[in-house]
Amino acid sequence: NTQALGSDEKVGAFLTNIAAPISRLGVEQYATVAETLASTAVGDLSVLLPCDPVQAGELDCAKQFISGFVRRAYRRPLTQVEADRYEALYTAEKNRADFTQGIRLVVQTALQSPNFLYHIERVPADDATAVVTAYELASRLAYFLWNSPPDDALLDAAAEGSLATSTGLNAQGDRMLA
């Protein structure tokens, strides 16, 4: 229930929470909403998961889920360190409870991460002339045109590098506007 969260402030034409620091109550509200959403999400794992844990194996299926779900939540691929942390989190909860609870904790954790809650932009280390990475550009484009996170097609375009060209950027813009 997103009504449990405080309203974002309006800055210019956009709603944002950039101006106000998050309070302890705000952190608790995000935690409550993330817990509720995660519990609901694992109610039907066949819809949530990209694989069958019986056929693929629970750990391999969890890795596939982590890679895809957190990629969408973070609007970029995970670093190896992040992927390892999510896998360890899943494994610890799976061993304590079961597969479903491991997946639930992954969802709950991702929905509380600053990487999900905020648009974090970093200057790419390998290109001093770039202002944002391809994934950050994809996020900017998606939130500007859709007021929503980038879809898989836009994230794939970022991964392929096609957003770095005017042709690729225009193609994605046209697709999104259509």
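Guide: A disulfide here is a pair of cysteine sulfur atoms within 2.5 Å. Keep in mind that the model is predicted.

Visitor: What makes C51 and C61 a disulfide?

Guide: Their sulfur atoms are 2.0 Å apart. The cut-off is 2.5 Å, so the pair qualifies. A search of the whole structure finds one disulfide. In general terms, such a link is a covalent bond between the sulfur atoms of two cysteines.

Visitor: Where do the two cysteines of this disulfide sit?

Guide: C51 is in the loop between α2 (45-48) and α3 (53-56). C61 is in helix α4 (residues 58-74). The two are 10 residues apart, and the pair links distant parts of the chain.

Visitor: What is the handedness of the disulfide between C51 and C61, and why?

Guide: It is right-handed, because the torsion about the S-S bond is about 105°.

Visitor: Are C51 and C61 buried or exposed?

Guide: Buried means under 20% relative accessible area. C51 has 17%, so C51 is buried. C61 has 0%, so C61 is buried too.

Visitor: What is the overall make-up of the protein chain?

Guide: The protein chain has 10 helices and two strands. From the N terminus, the order is β-β-α-α-α-α-α-α-α-α-α-α. Of its 178 residues, 33% are buried. Take the contacts between residues at least 6 apart in sequence: 52% of them join residues at least 24 apart.

Visitor: How many aromatic pairs does the structure hold?

Guide: Three. One of them is F65 with F69.

Visitor: Why is the pair F65 and F69 called stacked?

Guide: Two values decide it. The ring centres lie 5.1 Å apart, and a pair needs centres within 6.5 Å. The planes meet at 10°, and stacked requires under 30 degrees. The pair is therefore stacked.

Visitor: What separates F65 and F69 along helix α4?

Guide: They are four residues apart, so about one helical turn lies between them.

Visitor: Why is F65 called buried, and what class does F69 fall in?

Guide: F65 has a relative accessible area of 3%, which is under the 20% limit. F65 is therefore buried. F69 comes to 22%. Partly exposed lies between 20% and 50%, so F69 counts as partly exposed.

Visitor: What makes the pair Y74 and Y86 edge-to-face?

Guide: The ring centres are 6.2 Å apart, within the 6.5 Å limit for a pair. The planes stand at 70°, and edge-to-face means over 60. The pair is therefore edge-to-face.

Visitor: Which parts does the pair Y74 and Y86 tie together?

Guide: Y74 lies in helix α4 and Y86 in helix α5 (residues 80-96), so the pair ties together parts that are 12 residues apart in sequence. Y74 is buried at 7% relative accessible area. Y86 is buried as well, at 5%.

Visitor: How do you know that α9 and α10 are roughly antiparallel?

Guide: Helix α9 (residues 152-160) and helix α10 (residues 166-177) pack at an angle of about 180°. Over 145 degrees counts as roughly antiparallel, so α9 and α10 earn the label. Their axes are 11 Å apart.

Visitor: Which residues make the contact between α9 and α10?

Guide: From α9 come A153, L154 and A157. From α10 come Q172, R175 and M176. By class, the contact has four nonpolar, one polar and one charged residues.

Visitor: What is the phi of R75, and where does R75 lie?

Guide: Phi of R75 is near 65°, a positive value in a residue other than glycine. R75 lies in the loop between α4 and α5. At 4% relative accessibility, R75 counts as buried.

Visitor: How far apart are R75 and N115?

Guide: They are 40 residues apart in sequence and 8.3 Å apart in space, C-alpha to C-alpha. N115 is in helix α7 (residues 114-117). N115 has 15% relative accessibility. Buried is under 20%, so N115 counts as buried.

Visitor: Why does N147 count as buried or exposed?

Guide: N147 has 66% relative accessibility. Exposed means over 50%, so N147 counts as exposed. N147 is found in the loop between α8 (134-146) and α9. Phi of N147 is near 55°, a positive value in a residue other than glycine.

Methods: Residues numbered from 1 in each chain as written. Predicted model: local features only at pLDDT ≥ 70, side-chain atom pairs only at ≥ 80, totals over all residues. Heavy atoms only, no water. Buried < 20%, exposed > 50% of the residue type's maximum accessible area, 1.4 Å probe, protein only. Axes fitted to C-alpha atoms, helices over the stretch in contact; angles between N-to-C directions. Parallel < 35°, antiparallel > 145°, perpendicular 65-115°, else oblique. Contact = heavy atoms within 4.5 Å. Nonpolar A, V, L, I, M, F, W, Y, C, P; charged D, E, K, R; others polar. Phe/Tyr/Trp six-rings, centres within 6.5 Å; stacked < 30°, edge-to-face > 60°.
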